[in-house]
Amino acid sequence: MGKSAADAGAAVLLHGDLDILIVEARCLPNMDIMSERMRRCFACGGGGGGGKGGQPAAAADPHQRGRSSAAKKIITSDPYVSVCLAGATVAQTRVIPNSENPRWDEHFRVEVAHAVPHLEFLVKDNDVFGAQLIGVTAVPVERVAAGELIKGWFPIDGQYSNPLKPKPELHFSIQYQPIEENPLYKYGVGVGPPYPGVPNAYFPLRRGGSVTLYQDAHVVDGNLPKIEIDGGRIYEHSNCWEDICHAIVEAHHFVYMVGWSIYHPVQLVREPTKLLPGGTPSTLGELLKGRAHEGVRVVMLIWDDKTSHDKFLLKTDGVMHTHDEETRKFFKHSGVHCVLVPRYASNKLSIFKQQVVGTLFTHHQKCVIVDSQAVGNNRKITAFIGGLDLCDGRYDTPEHRLFKDLDTVFKKDIHNPTFPVNSYGPRQPWHDLHCKVEGPAAYDILTNFEQRFRKAKKWKVSLKKVASWHHDALIKLNRMSWIVSPTTGEANAHVCDEQDPENWHVQVFRSIDSGSVKGFPKLVQEAESQNLVCAKNLKIDKSIHSAYVKAIRSAQHFIYIENQYFIGSSFCWSSYKNAGADNLIPMELALKIASKIRAKERFVVYIVVPMWPEGIPNTAPVQQILFWQGQTMSMMYKIVADALQSQGLLEAHPQDYLNFYCLGKRELAGEGSSPSSLSNDTSSLRAAQKLRRFMIYVHSKGMIVDDEYVIIGSANINQRSMEGSRDTEIAMGAYQPHYKWAGNTDPPRGQVHGYRMSLWAEHLGAVEECFRLPETEECVRRVNEMAEENWQRYVSPDMAETKGHLLRYPIQVGKDGRVGPLPRHECFPDVGGKVLGTPTSLPNALTT
């Protein structure tokens, strides 16, 4: 049982859930012995105060001995335990200070998808500047995979200097359940009302809700074809920014906003489809000032970029150009409570870790929460969440104009960080996903805001500012009986009857830790009861990651993903396994495809990412992100290829099951285009202007499973967004119980289906019948044909407009799963930079 890492056997895939209980340890060595000796040295030094045998003089006096021993504090190890698989930490206990016999009693339910020879328990000594390994207990994977309950005391192997002291031991239990034996993953979103949603999440599944799904900031009438859904109805496209503007205008009591960036000059409504009240200000900043002046409580939480400054002689925009200081200054003497919130790390972390968290990571949530009209004279909570920040460069439509309307619709809002600032284009088109949530789940989004605000207030309140905060700027909703609330019963907040086919079940997920919210319990057992993960001295809600894993494991037919980044499962990469991108999402997708191949069932995954991460493609950060993305793709295709080979499917290709795409646009000169003007040099800008092409930046953070379940939020598929202790994120997962596969013979044709078809219509420029069944070979072939044709048109030196915007991602995949650059397109058109990136010396935590 105490098998060392050197004695590793053959690796076995653990794919399922681990139930781990870490109870206690005994006889741990004192790893702080040097610190203790230095303390004694200083205590005994100066004036010969040392007693016999090196004991302090006070202890030599029999009359003082009892008092001194009671007052004396032993300095010894501060132990904690990390559970590791293939170098990835999957669970971690809290730190017990000054104890050689610590007791944790901590329970973990861990999703695993790791091929390992053994499971390791690393016992470590916490220190101000990091951690020191005490020893390791390794459990052979064969015993774990058998599913038996393994429990008891096990030796901790390490280098110990005191042979007379009893060997250290660790008391724990573990039990493994493979996904095949877990009914939670068998039937998609489940059969019948008892479906619990994602288990072990902070917020439960809420019923009786309503969800509106948005693509891009606005949809101009006629931009998209009509899409038929169940009952012969036509899917209705909604307008995100216009709806947000109307919600702010119609709020009676409060407007709460959270953003990575919120920029006050932004115009929310530019191509209106419905009238606003006369006199409504055109910019977001003036609108919010006006509402505050009318008595509406307006509170904003904006990420405080540490690299931006606006004090005395020091004025900088900041690396990320979020305009945080400009926005704070704009609202300074108004009724709007505008709070800049740094990404403070918990003071329980080591000094080094605090600096890393505070410098590298951000507050990335995007929320607008208002009170809105309910039944009768009542009010309810309405919340908007997703990928869209209310800042410059985000307004766009499915047309994704490059050069058109730059002096009207996009006036003073031409955003393209790849090129120097210019007024002739191309602008960087922006594709994003967002949603509106009403019903009981909206109150969970409100709870997130309140928890974050109260933590921010703790940091911000000072003697000079306390008066301006009025102690608490938040509305006391419990004092307003006319605002319906689920606190006395969830049904009170329902906005839809359970029998209504348009009813939604919604669950809110987060990536956030106790350093960013006030309200997480301090006691471990209380935190566990609220489904928080305990890691060293943090309490973490990482339910977004769990939601993705659960949805992928439950998928039956296909998965469609749009995401700004796609990096993960580094423990299974061919190299750089210790990069730290340990989220399971890419591995789960690849294993899902492999399992369906073995079961001889069709299953397809479509993934849309940006052509390159925002910025200049040949810079170090972008190249490193592209390198990690390439490693992720290679790992996935290798798993799929191996599954095909193992089943003797020699004619099949991995891209029959898994495909990556990007979005791009070529815009021919015509009406509404900017005057023909080219950059004066031979730069990439001149090439993009001459050939009138540029990528459409995919900023989406969403996934659709089997046309029945959708996840939308602020979280990218990378470690920053999924770990829970890095960037703060929020998302929702939702489905319509009347439109699902389970219990039905026909595919679901509800709002989720309409939304996915609408996205495909935007990207492919058409609606074809085969698109309704994405898992079929016919559909995969057709989508790939269209993406290939669009790529050829995009890179052609001749002016040819693409049909839609979906392009093949410029990589070449072999039958054996090997991934390489596309011949003649090793670098991106016009702008350069290797498509598959290159490793750099930047910190992995920054780019994973």
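This passage describes the fold of a predicted protein model, from its overall make-up to selected strands and helices. Local features rest on pLDDT of at least 70 and side-chain atom pairs on pLDDT 80 or more, while totals for chains, interfaces and linings use all residues. Residues are numbered from 1 along each chain as its sequence is written, and side-chain values use heavy atoms, with hydrogens and water left out.

The protein contains 18 helices and 32 strands, taken as DSSP runs numbered from the N terminus (helices H or I, at least four residues; strands E, at least two). Of its 848 residues, 58% are buried, that is, under 20% relative accessible area, with exposed meaning over 50% and partly exposed in between (1.4 Å probe, protein chains only). The accessible surface is about 34600 Å², and carbon and sulfur atoms account for 53% of it; accessible areas come from the Shrake-Rupley method with a 1.4 Å probe, and for residues only the protein chains shown count as cover. Contacts (heavy atoms within 4.5 Å) reach well along the chain: among those between residues at least 6 apart in sequence, 74% join residues at least 24 apart.

A good place to begin is strand 19 (residues 504-513), where 10 of 10 residues are buried. In a regular strand the side chains alternate between the two faces of the sheet. Here Trp504, Val506, Val508, Arg510 and Ile512 point one way, His505, Gln507, Phe509, Ser511 and Asp513 point the other way, and all are buried. Strands count as paired if DSSP finds at least two bridges between them. Strand 19 pairs in the antiparallel sense with strand 29 (residues 729-735) over 7 bridges, with Val506 partnered by Ala734. Strand 9 (residues 206-215) is joined to strand 19 by 2 antiparallel bridges, and Arg206 has Val506 as its bridge partner. Another antiparallel neighbour, strand 21 (residues 538-542), is joined to strand 19 by 3 bridges; there Ser511 stands opposite Lys542.

Strand 24 (residues 658-666) is likewise mostly covered, with 9 of 9 residues buried. Leu658, Phe660, Cys662, Gly664 and Arg666 line one side, and Asn659, Tyr661, Leu663 and Lys665 the other. Strand 23 (residues 604-608) runs parallel to strand 24, joined by 4 bridges, and Val605 is partnered with Leu658. Helix 14 (residues 684-691) has buried residues Leu685, Ala688, Gln689 and Leu691, and its buried residues pack against strand 24 and strand 25 (693-695). Just after helix 14, Arg692 takes a positive phi of about 50°.

An open sheet of 4 strands has the order 4-1-8-7 with antiparallel pairing. Strand 4 (103-116) and strand 7 (150-155) stand at its edges, each with a single partner strand, so one side of each lacks a neighbour in the sheet. Strand 7 and strand 8 (residues 169-178) are joined by 6 bridges, one pair being Gly152 and Phe172.

Helix 11 (residues 543-554) lies across strand 1 (12-26) and strand 4, at about 45° to strand 4. The axes of helix 11 and helix 12 (residues 585-598) come within 9 Å and cross at roughly 5°, which makes the two helices roughly parallel. Axes are lines fitted to C-alpha atoms, for helices over the stretch in contact, with angles running from 0 to 180 degrees between N-to-C directions; under 35 degrees counts as roughly parallel, over 145 as roughly antiparallel, 65 to 115 as roughly perpendicular and the rest as oblique. Residues meeting here include Tyr548 and Ile552 of helix 11 and Ile585 and Leu589 of helix 12.
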